[in-house]
Amino acid sequence: MPSNKKARAIGFNHVALEVGDIDEALEFYGKLFTFGLRSRSRTDAFIDLGDQFIALQRGRKQPADDGRHFGLVVDDKEAVRAALKEAGVKVVPGRFLDFLDPWGNRIEIVSYENIQFTKAPNVLRGMGFKVPKKNAAALKELREKGMAPD
């Protein structure tokens, strides 16, 4: 008899991005973000994001992304905007801070204060990150779910 039990999705471990060259990708992303490099080889690199990571894999096989994207949470959205400008990277028109990397991966930059999740204190400590403030809407949703930070 088949089981009706379903697995519950609880988060992301990583996002994999196809890039043209690993050294060029690390240089590009290093202009925009401070990150820890977990490991690298000729064909891939792993950038730490607290308890998750981005996997950079050599060999872009599809055209540039249009609507498909992922949201990358940062502690300072305006610092990313300034770094994009300094690096000559065009922001995708619209109400969000989206950009395409040189290989066509579309990334939306989201401020930690606006998201409806919170990182565990031990993860934040491991990142050397003080608990940033949440905006009112994010705090309300976290309270409703019993997940508001202390």
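Arg 60, Asp 65 and Arg 68 are joined in a network of salt bridges, and this network offers a starting point for a walk through the structure, which is a predicted model. Within the network, Arg 60 pairs with Asp 65, and the closest N and O atoms of the two are 3.3 Å apart. Asp 65 counts as buried because its relative accessibility is 11%, and burial here means under 20% relative accessible area.

The structure holds 6 salt bridges. Another of them brings together the side chains of Asp 48 and Arg 38, at 2.6 Å from N to O. Asp 48 belongs to strand β3 and Arg 38 to strand β2, so this pair ties together parts that are 10 residues apart in sequence. Both partners fall in the partly exposed class, Asp 48 with a relative accessible area of 25% and Arg 38 at 48% relative accessibility. A further salt bridge joins the side chains of Glu 78 and Arg 81, at 2.9 Å from N to O. These two residues are 3 residues apart in helix α2, so about one helical turn separates them. Glu 78 is partly exposed, with a relative accessible area of 46%, and Arg 81 is likewise partly exposed, with a value of 36%. In general terms, side chains of opposite charge can pair when their charged atoms come close.

The strands β2 and β3 lead on to a sheet. Here 4 strands form an open sheet in the order β1-β4-β3-β2, with mixed pairing. Its edge strands are β1, residues 14–19, and β2, residues 36–40, each of which pairs on one side only. From one strand to the next, the twist averages 20°. Strand β1 pairs with β4, residues 52–58, in the parallel sense over 6 bridges, and within this pairing His 14 has Phe 53 of β4 as its bridge partner. Helix α1, residues 22–32, packs on the sheet and touches β1, β2, β3 and β4, while its direction makes about 140° with that of β4.

A second open sheet is also built from 4 strands, arranged in the order β5-β8-β7-β6, and its pairing is mixed. The edge strands are β5 and β6 (91–92), each pairing on one side only. Strands β6 and β7 pair in the antiparallel sense over 2 bridges, and the bridge partner of Val 92 in β7 is Asp 98. Helix α2 lies across β5, β6, β7 and β8, running at about 35° to β7.

Elements of both sheets contribute to the largest nonpolar core, to which β1, α1, β3, β4, β5, α2, β7 and β8 each supply at least two residues. This core has 25 residues, of which Tyr 29, Phe 33, Leu 56, Phe 99, Ile 107 and Ile 109 touch the most other members. Helix α1 provides the largest share, 6 residues. What does Leu 56 contact beyond its neighbours within four places in sequence? Its contacts are Leu 17, Val 19, Ile 22, Ala 25, Leu 26, Tyr 29, Thr 43, Asp 44, Ala 45 and Ile 47. As general background, nonpolar side chains tend to be buried together in soluble globular proteins.

Key. Residues are numbered from 1 along each chain as its sequence is written. This is a predicted model: local features need pLDDT of at least 70, side-chain atom pairs count only at pLDDT 80 or more; totals for chains, interfaces and linings use all residues. Side-chain values use heavy atoms; hydrogens and water are left out. Two strands pair if DSSP finds at least two bridges between them. Axes are lines fitted to C-alpha atoms, for helices over the stretch in contact, and angles run from 0 to 180 degrees between N-to-C directions. Contact means heavy atoms within 4.5 Å. A nonpolar core is a set of buried Ala, Val, Leu, Ile, Met, Phe, Trp, Tyr and Cys residues joined through side-chain atoms within 4.5 Å. Buried means under 20% relative accessible area, exposed over 50%, partly exposed in between (1.4 Å probe, protein chains only). A salt bridge is a side-chain nitrogen of Lys or Arg within 4 Å of a carboxyl oxygen of Asp or Glu.
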